Amino acid sequence: MQNGIPPELERRITALEQPENQGEGFGTKDWIWLLVLGVIGPALLLIWGWQ
């Protein structure tokens, strides 16, 4: 069994830790979609399923 992280994985992790490679934060549209698809939509499906 090999100890440690494979070199390719280490290179990818190092690249992702740099702020310029992390992308932008969520915008207004992103938050709306997250709210609709992650909270409101499932709540409506639960209410619909109980009836």
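Me: Is Phe26 buried or exposed, and how do I read that?
Reply: You look at relative accessible area: under 20% is buried, over 50% is exposed, and partly exposed is in between, using a 1.4 Å probe and protein chains only. Phe26 comes out at 56%, so it's exposed. Keep in mind that this is a predicted model, where local features need pLDDT of at least 70, side-chain atom pairs count only at pLDDT 80 or more, and totals for chains, interfaces and linings use all residues. Residues are numbered from 1 along each chain as its sequence is written, and side-chain values use heavy atoms, with hydrogens and water left out.

Me: What percentage of the 51 residues in the chain is buried?
Reply: Buried residues make up 0% of them.

Me: Which helices flank the loop that holds Glu20?
Reply: Helices (H or I, at least four residues) and strands (E, at least two) are DSSP runs, numbered from the N terminus. This chain has two helices and zero strands. Glu20 sits in the loop between helix H1 (7-17) and helix H2 (28-50). Glu20 is exposed too, because its relative accessible area is 61%.

Me: Why is the chain called more spread out than a compact globule?
Reply: You compare the radius of gyration, taken over C-alpha atoms, with the globule rule, which is 2.2 Å times the number of residues to the power 0.38. Here the radius of gyration is 20 Å, well over the 10 Å that the rule gives for 51 residues, so the chain is more spread out. Its C-alpha trace spans about 55 × 35 × 10 Å along the principal axes.
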